[in-house]
Amino acid sequence: MRAYDRLIDAMAAIAGVLLGALSLVIIYDALLRSLHLGAAVWAIDITGIAIIYMTFLAAPWLLRERGHVAIELLTARLRAATRERLRVAVAWLCAAMCLYLAWKSLG
(Lines give C-alpha, C1' and ligand atoms only; values in the text may rest on other atoms or scores of the structure.)
Protein backbone atom coordinates (compact mmCIF):
# COMPACT_ATOMS: atom_id res chain seq x y z
CA MET A 1 0.00 0.00 0.00
CA ARG A 2 2.92 2.35 0.65
CA ALA A 3 4.12 2.13 -2.95
CA TYR A 4 0.60 2.84 -4.15
CA ASP A 5 0.35 5.89 -1.89
CA ARG A 6 3.70 7.14 -3.18
CA LEU A 7 2.49 6.64 -6.75
CA ILE A 8 -0.67 8.64 -6.02
CA ASP A 9 1.39 11.39 -4.38
CA ALA A 10 3.76 11.50 -7.36
CA MET A 11 0.87 11.72 -9.80
CA ALA A 12 -0.64 14.59 -7.78
CA ALA A 13 2.73 16.36 -7.77
CA ILE A 14 2.99 16.00 -11.55
CA ALA A 15 -0.52 17.44 -11.86
CA GLY A 16 0.58 20.39 -9.72
CA VAL A 17 3.63 20.99 -11.88
CA LEU A 18 1.43 20.84 -14.98
CA LEU A 19 -0.90 23.40 -13.42
CA GLY A 20 2.00 25.75 -12.78
CA ALA A 21 3.40 25.26 -16.27
CA LEU A 22 -0.04 25.77 -17.77
CA SER A 23 -0.35 29.06 -15.90
CA LEU A 24 2.97 30.20 -17.37
CA VAL A 25 1.92 29.18 -20.87
CA ILE A 26 -1.29 31.19 -20.58
CA ILE A 27 0.60 34.23 -19.26
CA TYR A 28 3.13 33.92 -22.08
CA ASP A 29 0.38 33.75 -24.70
CA ALA A 30 -1.46 36.71 -23.16
CA LEU A 31 1.74 38.79 -23.12
CA LEU A 32 2.45 38.03 -26.76
CA ARG A 33 -1.06 39.07 -27.72
CA SER A 34 -0.98 42.21 -25.56
CA LEU A 35 2.33 43.33 -27.05
CA HIS A 36 1.03 42.59 -30.57
CA LEU A 37 3.87 40.14 -31.18
CA GLY A 38 1.61 37.43 -32.50
CA ALA A 39 0.31 34.49 -30.57
CA ALA A 40 1.58 31.18 -29.32
CA VAL A 41 -0.68 29.10 -31.54
CA TRP A 42 0.45 25.95 -29.75
CA ALA A 43 -0.82 27.25 -26.40
CA ILE A 44 -4.43 26.19 -27.01
CA ASP A 45 -3.41 22.62 -27.87
CA ILE A 46 -1.05 22.37 -24.91
CA THR A 47 -3.73 23.77 -22.59
CA GLY A 48 -6.30 21.20 -23.69
CA ILE A 49 -3.91 18.29 -23.32
CA ALA A 50 -2.62 19.50 -19.94
CA ILE A 51 -6.14 19.83 -18.54
CA ILE A 52 -6.91 16.23 -19.44
CA TYR A 53 -3.68 14.94 -17.90
CA MET A 54 -4.10 17.06 -14.76
CA THR A 55 -7.60 15.69 -14.26
CA PHE A 56 -6.57 12.05 -14.52
CA LEU A 57 -3.36 12.47 -12.54
CA ALA A 58 -4.98 14.32 -9.64
CA ALA A 59 -8.22 12.30 -9.41
CA PRO A 60 -6.83 9.35 -7.38
CA TRP A 61 -5.25 11.71 -4.84
CA LEU A 62 -8.46 13.70 -4.55
CA LEU A 63 -10.45 10.51 -4.04
CA ARG A 64 -8.00 9.24 -1.40
CA GLU A 65 -8.17 12.55 0.49
CA ARG A 66 -11.96 12.55 0.19
CA GLY A 67 -11.72 15.98 -1.33
CA HIS A 68 -14.11 15.29 -4.16
CA VAL A 69 -17.44 17.04 -4.22
CA ALA A 70 -20.06 14.82 -2.65
CA ILE A 71 -23.77 15.26 -2.17
CA GLU A 72 -24.47 13.90 1.27
CA LEU A 73 -28.23 14.23 1.24
CA LEU A 74 -28.69 10.48 0.76
CA THR A 75 -25.57 9.16 2.45
CA ALA A 76 -26.10 11.16 5.65
CA ARG A 77 -29.24 9.12 6.31
CA LEU A 78 -27.48 5.76 5.95
CA ARG A 79 -25.93 3.76 8.74
CA ALA A 80 -22.15 3.95 9.01
CA ALA A 81 -21.57 0.40 7.71
CA THR A 82 -23.85 0.94 4.70
CA ARG A 83 -22.24 4.30 3.99
CA GLU A 84 -18.78 2.68 4.03
CA ARG A 85 -19.88 -0.10 1.66
CA LEU A 86 -21.35 2.50 -0.67
CA ARG A 87 -18.10 4.52 -0.54
CA VAL A 88 -16.07 1.43 -1.45
CA ALA A 89 -18.48 0.57 -4.29
CA VAL A 90 -18.18 4.09 -5.69
CA ALA A 91 -14.36 3.89 -5.46
CA TRP A 92 -14.41 0.62 -7.44
CA LEU A 93 -16.77 2.16 -9.98
CA CYS A 94 -14.40 5.13 -10.38
CA ALA A 95 -11.44 2.78 -10.83
CA ALA A 96 -13.32 0.76 -13.44
CA MET A 97 -14.27 3.91 -15.31
CA CYS A 98 -10.66 5.13 -15.29
CA LEU A 99 -9.47 1.76 -16.62
CA TYR A 100 -12.13 1.85 -19.33
CA LEU A 101 -11.16 5.37 -20.40
CA ALA A 102 -7.48 4.44 -20.40
CA TRP A 103 -8.21 1.37 -22.52
CA LYS A 104 -10.33 3.36 -24.99
CA SER A 105 -7.66 6.06 -25.27
CA LEU A 106 -5.06 3.48 -26.32
CA GLY A 107 -7.09 2.49 -29.37
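## Aspartate 29 and its surroundings

Leaving aside neighbours within four places in sequence, aspartate 29 is in contact with Ala39, Ala40 and Ala43. This aspartate sits in helix H1, and its relative accessibility of 11% makes it count as buried. Please keep in mind throughout that the model is predicted.

Which other residues of H1 are buried? Alongside Asp29, they are Ile8, Met11, Ala12, Ala15, Leu22, Val25 and Leu32. The cover over these buried residues includes H2. As a reminder for reading such a list, an α-helix has 3.6 residues a turn, so residues three or four places apart point the same way.

## Helix H1 and the residue that follows

How does the span of H1 compare with what its 33 residues should give at 1.5 Å a residue? The expected value is 48 Å, and the end C-alpha atoms are 48 Å apart, so the two agree.

Just after H1 comes histidine 36, with a positive phi of about 55°. That sign is worth a look in the model, since histidine 36 is not a glycine. Histidine 36 belongs to the loop between H1 and H2. Is this residue buried or exposed? Histidine 36 has 73% relative accessibility, so it counts as exposed.

## The largest pocket

Now for the empty space. Rolling a probe the size of a water molecule over the atoms shows where empty space is left. In this model, the largest pocket holds about 1700 Å³ of space. Its lining is made up of 38 residues, and those nearest the centre are Ala59, Leu63, Val90, Ala91 and Cys94.

Which helices contribute to that lining? Helix H1 (2-34), helix H2 (42-64) and helix H3 (80-106) each supply at least two residues. H3 gives the most, with 17 residues. Sorted by kind, the residues of the lining comprise 27 nonpolar, 4 polar and 7 charged.

## Two cysteines without a bond

Cys94, one of the residues nearest the centre of the largest pocket, also raises a question of chemistry. A disulfide is a covalent bond between the sulfur atoms of two cysteines. How many disulfides does the structure hold? The count is 0.

Why is cysteine 94 not bonded to cysteine 98? The sulfur of cysteine 98 is the closest cysteine sulfur to that of cysteine 94, but the two are 6.8 Å apart, which is too far for a bond. Seen from the other side, cysteine 98 is in no disulfide either, and its nearest cysteine sulfur is that of cysteine 94, 6.8 Å away.

How accessible are these two residues? Cysteine 94 has 32% relative accessibility, so it counts as partly exposed. Cysteine 98, at 36%, counts as partly exposed too.

## Two exposed positions on H2 and H3

Leucine 99 lies in helix H3. With a relative accessible area of 64%, leucine 99 is exposed. Leucine 99 and tyrosine 4 are 95 residues apart in sequence, while their C-alpha atoms are 16 Å apart in space.

On helix H2 you will find aspartate 45. Unlike aspartate 29, which counts as buried at 11%, aspartate 45 is exposed, with a relative accessible area of 53%. What separates the C-alpha atoms of aspartate 45 and alanine 13 in space? The distance is 22 Å, for two residues that are 32 residues apart along the chain.

Definitions and conventions
Residues numbered from 1 in each chain as written. Predicted model: local features only at pLDDT ≥ 70, side-chain atom pairs only at ≥ 80, totals over all residues. Heavy atoms only, no water. 1 Å grid on protein atoms, 1.4 Å probe; cavity = no way out; pocket = protein on both sides within 12 Å on 5 of 7 lines; lining within 4 Å. Points joined across faces, edges and corners; volume = space filled by probe spheres on them. Helix = DSSP H or I, 4+ residues; strand = E, 2+ residues; numbered from the N terminus. Nonpolar A, V, L, I, M, F, W, Y, C, P; charged D, E, K, R; others polar. Disulfide = S-S within 2.5 Å. Buried < 20%, exposed > 50% of the residue type's maximum accessible area, 1.4 Å probe, protein only. Expected span 1.5 Å × (residues − 1). Contact = heavy atoms within 4.5 Å.
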